[in-house]
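Please open the model in your viewer and set it to a cartoon view, so that elements can be selected one after another. The tour below goes from stop to stop and says what to select at each.

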Amino acid sequence: MFIDLRDRTGLVQLAFGPGWTAADVLALAASVGVESVVLCEGELVARAPDRVNPEMLTGDVELQVTSLRIVGPAVTPALQVARGRGEKLAAEELRLRHRYLDLRRPELQENLVLRHRLLQVSRRFLSDRGYLELETPILTKPTPEGARDYLVPSRVHPGEFYALPQSPQIYKQLFMCCGFDRYFQIARCFRDEDLRADRQPEFTQIDVEASFVEQEDILRLAEALVGALWKEAGHDIPAQFPRMTYAEAMETYGCDRPDVRYALPIRDYSAPFGSVDFGVTRAALDAGGRVRGIVLPNAASWSRKQVDELEALAKGAGAAGLLRVRHVDGAYDGPLAKFLTDDVRAALALRDGDLALLVAAADRFANPALDRVRQECARRLDLVDDKAQQFLWVFDFPMFEQDAVTGALAAVHHPFTASHPADMLAYPDEPARWRALAYDVVLNGTELGGGSIRTSDPAVQSRMFALLGIGETDEQERRFGFLLEGLRSGAPPHGGIALGFDRIVMLLAGAPSLRDVIAFPKTTAARSLFEGAPVPVPTTDLDELGLTLRASGVIA
RNA sequence: GGGGGCGUAGCUCAGUUUGGUUAGAGCACUCGACUGUCACUCGAGAGGUCGCGGGUUCGAGCCCCGUCGCUCCCGCCA
């Protein structure tokens, strides 16, 4: 009789036989249930050639067992850990509920081992370069802007609250003011926002900050760190990543984190369309919009329905519609065709079999629409190389984004980011035109992380707050006084970056979800099914915190 | 906050279209046989709040209303 023995390193077959196993041990072996924990001794022997299992890594040996103890008998598992060929995984809800079993699966074990290795590489890499691993508080001060905070009531101070950190941003800047000129932390961050497959309420980032650095220094450091992480996972990637300004990314890809594994660039056809007497394009151009679009090779054969699906995507992203024109057998075809001038035809430069998809609108509607259409077309044209790893820096983000209705400014990165000094000089009264010294690192259309050079002049920082609507000195001091005091007490120029560690592990593990690289993740409802959190607490506990619950069902 | 999908045995699923006998299969489990297996094989058995609540109906796994959970997406995520 045989038992598959599994540990962290793999499987080996235990063999029990009358020739080498005592009768009582044979009987005990027969009673071992699956997933039980055993201690055994025996002789590791080569299997006879006709008994080798070529599908098993250790299939040419077996342990001929002479002694056996069942040290951790297991009840029948709620879900199967060892699956037969072709057997499906249990539903994720079940696997999360019985995480102690699911984590026994070799796939998840490998993911967490990889996570460990990447953590160690990060620490060694940064420590070797003089970066100090410094810790920051988990109980911090609530920040009203940005994501919603997880709040923690104070027992000692009834009615007052801590917040869990959304990021260690201000603390790491204060470290710079303290003279810890190179800092890093594998930092846990918390955001009380709705979740996605690639978004958990608590997540881990590799957080880095350095003094007396410029953007170039941080980009180089991050490239080397990412290179070390990818190398640990078996990938050699370029030492330096291509760079693209935010303006170019938005112009050519309609997106600030473009997937550049394929081209399909967005082009501007506004000029030739200026003389086209077609209502839709005329109205958009007159309203200050543009006519931009993508030329798709060999897509003229797509059906009306297929293009309508693309139009639905564009509409979902805010466009009023998707204009289409195709070139078939030397002729132009589509609702636009009869309006086309020679100038437009020359600009589009359609070859036979090409399809052009255009959006006539203001950029803020056209960009997201063309971005989605471009991505879907690349998928349909099979242009996406799954094996390619196209890293990209996107930089020169705008400092602020302006609310289309109210005109209010909001920080694109965060309020502590420095603006381009040249922009502040050139357009002192037009902050909406300022570019930030901020940068994102993007892989295949996914943001891996981002950072910025920070404002180290307290007067400039104070002005940034004012531009963001925090004008009163009292309010600035109340909310960000601890940062402003730090800056006033002598602050070096500094900047940094944060990389989304869970997402990096997910990508390198080839996992479909963040939940597969976090030992005890939350569901999309921010619930932990394993230990069952959150839960109601007894009224006596609330009393001690000075809290009263509103009757359930009552909405503020 | 909004939209889509899913929820039937411990697990994976069929059954829901068109309401109708006692709700089925494979795996797992228990007992027995076999004993060089490695998705063992063979025989027998046990196992069900059809997510939950309400409604329609002579009759509901199936239709209607509500609700809970999981999941994907939009909003949101300085």
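The stops that follow take in two sheets, a surface patch and a few backbone details in what is a predicted model.

Begin by selecting residues 2–7, which form strand S1, and then add its sheet, an open one of four strands in the order S1-S2-S4-S3 with mixed pairing. Strands S1 and S3 stand at the edges with a single partner strand each, so one side of each is left without a neighbour in the sheet. From one strand to the next, the twist averages 40°.

Within this sheet, select strand S2 (residues 10–15) together with strand S4 (residues 61–72), which pair in the parallel sense over two bridges; here Ala-15 stands opposite Gln-64 in S4. Next add helix H1, residues 23–30, which packs on the sheet and touches S1 and S4, its direction making about 75° with that of S4.

Following the chain onward from H1, stop at Glu-35, which is found in the loop between H1 and S3. Glu-35 has a positive phi of about 70° although it is not a glycine, and it is buried, with a relative accessible area of 14%. Most residues other than glycine have a negative phi.

Now show the surface and select Val-37, Leu-39 and Val-71, which make a nonpolar surface patch of about 230 Å². Leu-39 lies in strand S3, residues 37–46, and is partly exposed, with a relative accessible area of 46%.

Move on to the other sheet, which is open, has five strands in the order S11-S12-S15-S13-S14 and shows antiparallel pairing. Its edges are strand S11 (267–268) and strand S14 (331–333), each of which has a single partner strand, so one side of each is left without a neighbour in the sheet. Select strand S13 (residues 323–328) and strand S15 (residues 355–361) to see an antiparallel pair with four bridges, where Arg-324 stands opposite Leu-357 in S15. Helix H12, residues 363–380, lies across strand S12 (290–296) and S15, and runs at about 5° to S12.

Two loops complete the tour. Asn-444, in the loop between strand S19 (438–443) and strand S20 (446–453), has a positive phi near 50° and is buried, with a relative accessible area of 16%. Finally, select Pro-534 in the loop between helix H16 (501–509) and helix H17 (539–545), where the peptide bond from Ala-533 to Pro-534 is cis, with omega near 0°.

Terms used: Residues are numbered from 1 along each chain as its sequence is written. Chains are lettered from A and ligands numbered from 1 in the order in which they are written. This is a predicted model: local features need pLDDT of at least 70, side-chain atom pairs count only at pLDDT 80 or more; totals for chains, interfaces and linings use all residues. Side-chain values use heavy atoms; hydrogens and water are left out. Patches are made of residues with over 30% relative accessible area and no salt bridge: like charges are joined within 9 Å, nonpolar side chains (Val, Leu, Ile, Met, Phe, Trp, Tyr) within 5 Å. Accessible areas come from the Shrake-Rupley method with a 1.4 Å probe; for residues, only the protein chains shown count as cover. A salt bridge is a side-chain nitrogen of Lys or Arg within 4 Å of a carboxyl oxygen of Asp or Glu. Buried means under 20% relative accessible area, exposed over 50%, partly exposed in between (1.4 Å probe, protein chains only). Two strands pair if DSSP finds at least two bridges between them. Contact means heavy atoms within 4.5 Å. Axes are lines fitted to C-alpha atoms, for helices over the stretch in contact, and angles run from 0 to 180 degrees between N-to-C directions.
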